[in-house]
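Got the viewer open and a selection box ready? Load the model below, and we'll go through it stop by stop.

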Amino acid sequence: MELALQSSLFEHAERRHLGDGAWIDYRSGWLEDADSLFTELHDVIPWRAERRQMYDRVLDVPRLVSFWDFAEQDAAPVPHPRLKQIRRRLNDAYAGELGEPFTTAGLCLYRDGDDSVAWHGDTIGRSSTEDTMVAIVGLGATRVFALRPRGGGKSLRLKHCHGDLLVMGGSCQRTWEHAIPKTSRPTGPRISIQFRPHDVR
C-alpha cells in the first residue's frame with residue numbers, strides 16, 4: 001500500500017524520521033528567487049546527455065545532466081553565482097550536523113514527463129557505509145519525488161515543487177531508495193540541483 005504525503009503536511013522546518021536512522025527535511029518555498037534562477041540555469045548550464053549500459057544494451061539516460069566540484073582546484077568556473085550562494089546557505093544550515101560541508105553540485109534537467117530517474121540510493125563512495133546528507137533544490141515544474149524502503153514497505157510520494165528544498169539524511173541513502181517517476185500528464189521542464197559532501201554520488 002502506498003502512503004501519499006503532500007509537501008504541506010511538513011511544517012517549514014519539520015524533520016520526518018523514517019526509521020533505521022533515516023530522515024528527511026522538506027522545506028516548502030525555501031528558495032525565494034526560484035523563477036529567475038530556473039530561467040538562467042536552463043539557459044547557461046552546459047547540459048550534456050549521457051548513455052548507460054543496461055544489461056545487454058546501451059541506452060540514453062532520460063534527462064540531461066551537469067556536475068561541479070567546488071573543491072577541485074582545476075574545475076571549470078561555476079556557471080552561475082547562485083550555486084555558490086545556495087551551497088553556502090545549505091552549509092550554514094547543515095554542515096554542523098553533517099560534520100563537513102557540501103562540496104559538489106549535480107544538476108539534472110527533466111525536459112518533460114518522459115524524463116525520469118529510476119529507483120536508487122546515492123551509494124557510490126562513502127555513503128555506501130556512512131551516514132550522509134543529500135540536499136535537493138527543485139526548480140520549474142512540480143514532479144513526484146518518491147521514496148521507498150529498501151527491501152519493500154510503504155512508499156512516500158512527495159510533490160517536489162518550484163523552490164522547495166528536500167534533504168535526505170542519516171542512513172537514508174543506504175536504507176531507502178528514491179526516484180522521479182515518468183508521468184503521462186503534460187508537464188514542463190524541471191531542474192533538480194543536488195548538493196552532496198565529498199565522495200558521495
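Which residue does Glu50 form a salt bridge with? Select Glu50 and Arg48: these two make the salt bridge, with their closest N and O atoms 3.4 Å apart. (A salt bridge here is a side-chain nitrogen of Lys or Arg within 4 Å of a carboxyl oxygen of Asp or Glu.) Side chains of opposite charge can pair when their charged atoms come close.

Before going on, some housekeeping. This is a predicted model, where local features need pLDDT of at least 70, side-chain atom pairs count only at pLDDT 80 or more, and totals for chains, interfaces and linings use all residues. Residues are numbered from 1 along each chain as its sequence is written, and side-chain values use heavy atoms, with hydrogens and water left out.

**Stop 1: salt bridges**

Stay on that pair for a moment. Glu50 is partly exposed at 25% relative accessibility, and Arg48 is partly exposed too, at 39%. (Buried means under 20% relative accessible area, exposed over 50%, and partly exposed in between, with a 1.4 Å probe and protein chains only.)

The structure holds 12 salt bridges. Select Asp25 and Arg15 for another one, at 2.9 Å from N to O. Asp25 sits in strand β3 (residues 22-27) and Arg15 in strand β2 (residues 15-19), so this pair ties together parts that are 10 residues apart in sequence. (Helices, H or I with at least four residues, and strands, E with at least two, are DSSP runs numbered from the N terminus.) Asp25 is buried, at 2% relative accessible area, while Arg15 is partly exposed at 25%.

Next, pick Arg51 and Asp60, whose salt bridge has its closest N and O atoms 2.5 Å apart. Both ends count as exposed: Arg51 at 53% relative accessibility and Asp60 at 55%. Now add Glu97 to your earlier selection of Arg15 and Asp25, since salt bridges that share partners join these three into one network.

**Stop 2: the largest pocket**

Select Arg52, Arg63, Cys108, Val117 and His120. Of the 35 residues that line the largest pocket, these lie nearest its centre. The volume of this pocket is about 840 Å³.

For the grid-minded: on a 1 Å grid over the protein atoms alone, a pocket is an open set of points where a 1.4 Å probe fits, with protein on both sides within 12 Å along at least five of seven lines, and lining residues have an atom within 4 Å of a point. Grid points are joined across faces, edges and corners, and a volume is the space filled by probe spheres set on the points.

Colour the strands next. Among those that each supply at least two residues of this lining are β4 (51-54), β7 (104-110), β8 (117-120) and β14 (190-196). By class, the lining has 17 nonpolar, nine polar and nine charged residues. (Ala, Val, Leu, Ile, Met, Phe, Trp, Tyr, Cys and Pro count as nonpolar, Asp, Glu, Lys and Arg as charged, and the others, Gly among them, as polar.)

**Stop 3: the second largest pocket**

This pocket has a volume of about 280 Å³. Its lining includes Arg143, Arg157, Lys159, Lys182 and Arg185, and the class split is three nonpolar, three polar and five charged. Strands β10 (143-149) and β11 (156-160) each supply at least two of the lining residues.

**Stop 4: three single residues**

Where is Gln194? Look in strand β14. Gln194 is buried at 8% relative accessibility, and its side chain makes a polar contact with that of Ser192 at 3.0 Å. (A polar contact is a pair of N or O atoms within 3.5 Å; within protein, one must be able to donate a hydrogen and the other to accept it, and residues adjacent in sequence count only if both atoms are side-chain atoms.)

Thr103 lies in the loop between α2 (81-98) and β7. This residue is buried at 10% relative accessible area, and its side chain reaches the backbone nitrogen of His198 at 3.0 Å.

Finish on Pro46, in the loop between α1 (34-44) and β4. Pro46 is partly exposed at 47%. Leaving aside neighbours within four places in sequence, Pro46 is in contact (heavy atoms within 4.5 Å) with Val65, Ser66 and Trp68. Draw one last distance to Pro79: C-alpha to C-alpha, Pro46 and Pro79 are 8.3 Å apart in space and 33 residues apart in sequence.
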